[in-house]
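Q: Please choose one part of this model and take me through it closely. I would like to see how that part fits with the rest.

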Amino acid sequence: MGWRRRSSDSDSSSSTTTSSSDSTTSTSTSSMDGGGMDGGGMGGGMGGACYVYPAAPATPGRVTPNVSYNLGIDMNIPLTMDDGRTVTMWGFADNGGNMMGMGGGGGGMGGGTFPSPAMRVRQGQIVHTNLSVNMMMMHTVHHHGIEPAPHSDGVGHITWDVANGTYTYQWRPSSAGTYFYHCHTNTVLHAEMGMYGALIVDPPEGPGRLYSNGPRYDVEAFWVVDEVDSSWHTLGWTAGTCGGDVGLNELNPDYFVITGVDGSGNSAMNLPPISATVQRGQRLLARYICAGYHPQRIRFGGLTGTVHVSDGRVLPRPIQVTQLRACSGERYDIIFEPTSRGTYLIETDIIHWVTGEVLGTTRTTVTVV
Ligand SMILES: [Cu+2]
């Protein structure tokens, strides 16, 4: 199913064949250089020369959902950094679904935010994510850690990319915890550009417990930590996939963000952006997502937390931690029960995966009253 891009720009006579049984499409190469910049910069709206755009198929096995999200694309989301500079992010827009905000960064003209709005569903519900793309470009929604049928998995090149039209990803979460969703087309670039959001799976009884018969919590915090290499943020959506080398093997981040806010603390204007306040005796559930590419180390500023769930699966035994290391795509559900008043600094170091150098640090706080 789906589409395949040509093997190289120079393969000018190639034909592209869909593998689904219903259509076969041949294309000829346009005269455009498909070297990755044909998206025309930040907006990236024009099509990639090496792509074909089949219509979105019907979702196999489609049934009536319990919950639906209707997503569009926004590739012009301004994010203001600590130093006053604005970097363009991409994201999903909630075009009528029942999504909740995440307190993210800038809002784009197309209604998108960075991070994209969070999805929140209950274990066992049938969910439809309807992604509409109408701009001669391709994107997907991959619900990371969920296990749908292959045609609803949203992994570009392997399952369905959405070009012109609307495709419904049908899925049903089987395990409560913290997940995230992201675009999986030209993933190295599109995820870096910000095309992701949190995905919370509550137990069937709803929020307030981490999982069925699991620990309760009173307050939630979303710690979604990422790095930004602003030199990537003028590329078009096909960059690097049509034969050109645009340097996507070199990620040199100059900004470090937590839940859509530059938390590098490199200006006097910086304030802890997404601070949580909890009363003594209450339980704080921190939903931590490593959304970057470099490894991270999150430190809890003197608080001790208990990890109950990792990557959407309950641990055999809870683990007490004062810090954690995480790699790309990992999630941890950590419960804090602070007993002393104070303000605790939650810092996440972004660590170069080869040299071990700390490239930057994001900061937020937990205030115990
Ligand atoms: Cu995308």
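A: R287 and D333 are both buried; here buried means under 20% relative accessible area, exposed over 50%, and partly exposed in between, with a 1.4 Å probe and protein chains only. This is a predicted model, in which local features need pLDDT of at least 70, side-chain atom pairs count only at pLDDT 80 or more, and totals for chains, interfaces and linings use all residues. Residues are numbered from 1 along each chain as its sequence is written, and side-chain values use heavy atoms, with hydrogens and water left out.

Let's stay with that pair for a moment. The side chains of R287 and D333 form a salt bridge, 3.7 Å from N to O; the term covers a side-chain nitrogen of Lys or Arg within 4 Å of a carboxyl oxygen of Asp or Glu. This pair links distant parts of the chain, with R287 in strand 13 (residues 284–290) and D333 in strand 18 (residues 331–336), 46 residues apart. Strands (E, at least two residues) and helices (H or I, at least four) are DSSP runs, numbered from the N terminus.

R287 has another partner as well: E220 makes a salt bridge with R287, and their closest N and O atoms are 2.8 Å apart. Here too distant parts of the chain are linked, since E220 belongs to strand 9 and R287 to strand 13, 67 residues apart. The two ends of this bridge sit in contrasting surroundings: E220 is partly exposed at 26% relative accessibility, while R287 is buried at 1%. Stepping back, R120, D202, E220, R287 and D333 are linked in a network of salt bridges. The count for the model comes to 13 salt bridges.

One of the other salt bridges takes us to a sheet. R299 pairs with E347, with the closest N and O atoms 3.2 Å apart. R299 lies in strand 14 (residues 296–299) and E347 in strand 19, so this pair also links distant parts of the chain, 48 residues apart. R299 is partly exposed at 25% relative accessibility, whereas E347 is buried at 15%.

Strands 14 and 19 both appear in an open sheet of five strands, ordered 12-20-19-14-17 with mixed pairing; two strands pair if DSSP finds at least two bridges between them. Strand 12 (276–278) and strand 17 (323–326) are at the edges with a single partner strand each, so one side of each is left without a neighbour in the sheet. Neighbouring strands of this sheet are turned by 20° against each other on average, direction ignored; the axes are lines fitted to C-alpha atoms, for helices over the stretch in contact, and angles run from 0 to 180 degrees between N-to-C directions. Within the sheet, strand 19 (residues 342–351) and strand 20 (residues 358–368) are antiparallel partners over 10 bridges. Among the bridge partners, L345 is matched with T365 of strand 20.

For another kind of long-range link, turn to the metal. The copper ion is coordinated by H139 (ND1), C183 (SG) and H190 (ND1) at 2.0 to 2.1 Å; donors are N, O and S atoms within 2.8 Å of the metal (3.2 Å for Na, K and Ca), and sites may look incomplete because water is not among the atoms. The donor residues follow the sequence spacing H-x43-C-x6-H. H139 sits in the loop between strand 4 (127–133) and strand 5 (142–144) and H190 in helix 1, so the pair ties together parts that are 51 residues apart in sequence. H139 is buried, with 0% relative accessible area, and H190 is buried at 0% too.

Strand 5 also holds H143, which is buried at 1% relative accessibility. The side chain of H143 makes a polar contact of 3.1 Å with the side chain of W171; such a contact is a pair of N or O atoms within 3.5 Å where, within protein, one must be able to donate a hydrogen and the other to accept it, and residues adjacent in sequence count only if both atoms are side-chain atoms.

Finally, a look at the backbone near helix 1. N186 lies in the loop between strand 7 (177–182) and helix 1 (187–192). N186 has a positive phi of about 40° although it is not a glycine, and it counts as buried at 8% relative accessibility.
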